[in-house]
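Thank you all for coming. I would like to take a few minutes on the charged residues of this chain, and then say something about one of its sheets.

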Amino acid sequence: MASSNFAYFSLFLFLSSILFAFQVSSTSRHVVINNHSKKGFKVSLKHVDSGGNFTKSERLQRAMARGRSRLQRLSLVANSFASLSSKDDDSNNNVKSTIHAGNGEFLMQISIGSPSESYNAIMDTGSDLVWTQCKPCKECFDQSTPIFDPSKSSTFEKISCSNKLCEALPMSSCGDSNCEYMYTYGDYSSSEGFLASETFTFGEVSIPNVAFGCGNDNEGSGFSQGAGLVGLGRGPLSLVSQLHMSRFSYCLTSINEDADSTSSTLLMGSIAHDDYNNIITTPLVKNPTQPSFYYLSLQGISVGDTQLPINKSTFSLNKDGTGGMIIDSGTTITYLEESAFSLLKKVFSSKVNMLISLDDSSSTGLDLCFKLPSNTNHIEIPKLIFHFEGADMDLPADNYMIADSSMGIACLAMGSSRGMSIFGNVQQQNMMVIHDLDEETLSFAPTQCDKL
C-alpha cells in the first residue's frame, strides 16, 4: 500500500509486452443562425497523424517537430506584435500582426457549399481566419480531397471591401471591389485569395453566411494534413466570433492512445456546458497587442512538496505584449520560459531517485528523459502542480510523462522557451477544456475523451 506521501496513477502503454505505470508522489459579418444551431454543435476531431500507421516513437518525433515549428511561429507572432507596438505612437489597439501561428495537431471535418463538399481542416485556437483552398489555383498544395470549387455552389458570395470583416484583416486590398487577403505564417507559409461567405456544415448543423478565405495561392509547410484552417481565436474573423457562440470546449485524447482508433471532440455553443465534477476555473487574461490568443495567469509550479522559487514576473505579460502564458491546442507539449524550465528540470530530476537520467535524449526531441528499469512495471515520479490564478491543476502522470517501452525511456513532456510560455495539448489531454468568453474564464474538468 502506498504511503501517505504517494498517490497512485496508472499510465497504460500497449507498445510492447511490457506494461508500465507511473506512481506519483502526493507531494510531488453577423451570421444568421437557424434555431437548430443556436444550441451549438459537436464535431469529431482526428489527430493529424491518424491513418499514418506510425509507431509511437515516430508519432512522438513527428509531434515534437511540429511543436518546435509551432513554437517558432508563435514566438515570431509575439515579436512582430512587440515590434509593431513600439512603432505605434497612438495606441496599441491599432496594431495588427501580419504573422499568424497556423498549423496544428487536430483536424475537424467540415462541409462547405450547396451542395456541400466535405473537407478536413486544421483546428487552430491560435489564429482567427477560416480558410480553405479554392479553384482556380495559382498555386495550391496537395490535399486528400478535391479542392473547393466556388462555381459549383449556389450559396457562395464574395465579400466587398466595405465589409467590416475585410477591415479586420491584417493585410487586405481591393480587386474589382472584392476583398482580397494575404495571411502569412511564421515559417513564411501563406494563404492568399479573397474573402467570401458560404454555408458551412458542422456535423448535422448547417450555418449560412460564414465568412472565410477562399485561397487560390497557398504555399509552405504545415497545411498538407488538411484543406485549410478553422481559426478559433478571439478575433472578429474567427469562427467563435462570427457565430456569436461565447462558449466552446474541446476534449483531446491521450498521445499514448492509438490515433487511428480514437477521436477527440469539439463542442460549440451552449452544449459546451460546465457542470462537470472536479472542475477548476481560472480567469482568461486579455493582451491588447495579441487579442487572438487565450492567455492564462500562471502563478507558480510545484514539484512534489516543493514549490519552485520562480520569480513572480516570469509568466507575467509585459507592457509591450511579450511574455505571459497562452493555452494552445496546436502545440504538443508545454513550453516554459527558460529560467522556470531550468528550475523545473533540476528539481524534478532530483526527486526521481530510482531512474537514471539520459545525457542524450535527442532522439525524442525532449530535454529530460530517464532510462526505464527492466525489472518493474511501475516507477515513482513526483507530482506536478500548475498554480493558475484561482485553480491548482494537479496533473495526471500521463499528462506530463511520455513513456515508450520499445525505446526503454520515459520523458518529461515539457521544454523551454524564450518570452512566451505555452500550455500544450499533452497537458490538456483527457480534460474537457471549456472557454467561456462571457465570463472570461477557462475551466478544466477531468474527462475520458475517447468515450464522448
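I will start with the salt bridges, go on to the annotated active site, and finish with a sheet and the helix that lies across it.

Please keep in mind throughout that this is a predicted model. As a reminder before the individual pairs, side chains of opposite charge can pair when their charged atoms come close. The structure holds twelve salt bridges, and I will go through a few of them.

Let me begin with Arg66 and Glu105, whose side chains meet in a salt bridge with 2.5 Å from N to O. This pair links distant parts of the chain, since Arg66 sits in helix α2, which covers residues 56–87, while Glu105 is in the loop between β4 (99–100) and β5 (106–112), and the two are 39 residues apart. Both Arg66 and Glu105 are buried. They also do not stand alone, as a network of salt bridges links Asp49, Arg62, Arg66 and Glu105.

Helix α2 also carries Arg70, and that residue forms a salt bridge with Asp328, where the closest N and O atoms are 2.7 Å apart. Here, too, distant parts of the chain are linked: Arg70 belongs to helix α2, Asp328 to the loop between β20 (325–327) and β21 (334–337), and 258 residues separate them. Is Arg70 buried or exposed? Arg70 counts as buried, because its relative accessibility is 0%, and Asp328 is likewise buried, with a relative accessible area of 0%.

For a pair with another setting, consider Arg234 and Glu440, which meet through their side chains in a salt bridge of 2.5 Å, N to O. Arg234 lies in the loop between β13 (228–231) and α4 (239–242), and Glu440 in the loop between β31 (431–436) and β32 (441–446), so that this bridge joins parts of the chain 206 residues apart. Arg234, at 16% relative accessibility, counts as buried, whereas Glu440, at 22%, counts as partly exposed; the cut-off for buried is under 20%, which is why the two fall into separate classes.

Asp328 brings us to the active site. UniProt, in an unreviewed entry, places the feature "active site" at Asp124 and Asp328. Although they are spread over 205 residues of sequence, they cluster in space, with a largest C-alpha distance of 8.1 Å. Asp124 is found in strand β6, residues 117–124, and at 0% relative accessibility it counts as buried. A polar atom of the Asp124 side chain lies 2.9 Å from the backbone nitrogen of Gly126.

What is Asp328 in contact with, once its neighbours within four places in sequence are left aside? Its contacts include Arg70, Asp124 and Gly126, and also Phe423, Asn425 and Gln428.

Finally, the sheet. Four strands form an open sheet in the order β19-β18-β25-β26, with antiparallel pairing, and its edge strands, each pairing on one side only, are β19 (306–307) and β26 (391–394). Strand β18, residues 298–303, is joined by five bridges to the antiparallel strand β25, residues 384–388, and within this pairing Ser302 has Ile385 of β25 as its bridge partner. Helix α5, residues 338–351, lies across β18, β19 and β25, and runs at about 25° to β18.

Notes
Residues numbered from 1 in each chain as written. Predicted model: local features only at pLDDT ≥ 70, side-chain atom pairs only at ≥ 80, totals over all residues. Heavy atoms only, no water. Salt bridge = Lys/Arg side-chain N within 4 Å of Asp/Glu carboxyl O. Buried < 20%, exposed > 50% of the residue type's maximum accessible area, 1.4 Å probe, protein only. UniProt positions renumbered as here; feature names shortened; annotations may be inferred. Polar contact = N/O pair within 3.5 Å; in protein donor to acceptor, adjacent residues only side chain to side chain. Contact = heavy atoms within 4.5 Å. Pairing = 2+ DSSP bridges. Axes fitted to C-alpha atoms, helices over the stretch in contact; angles between N-to-C directions.
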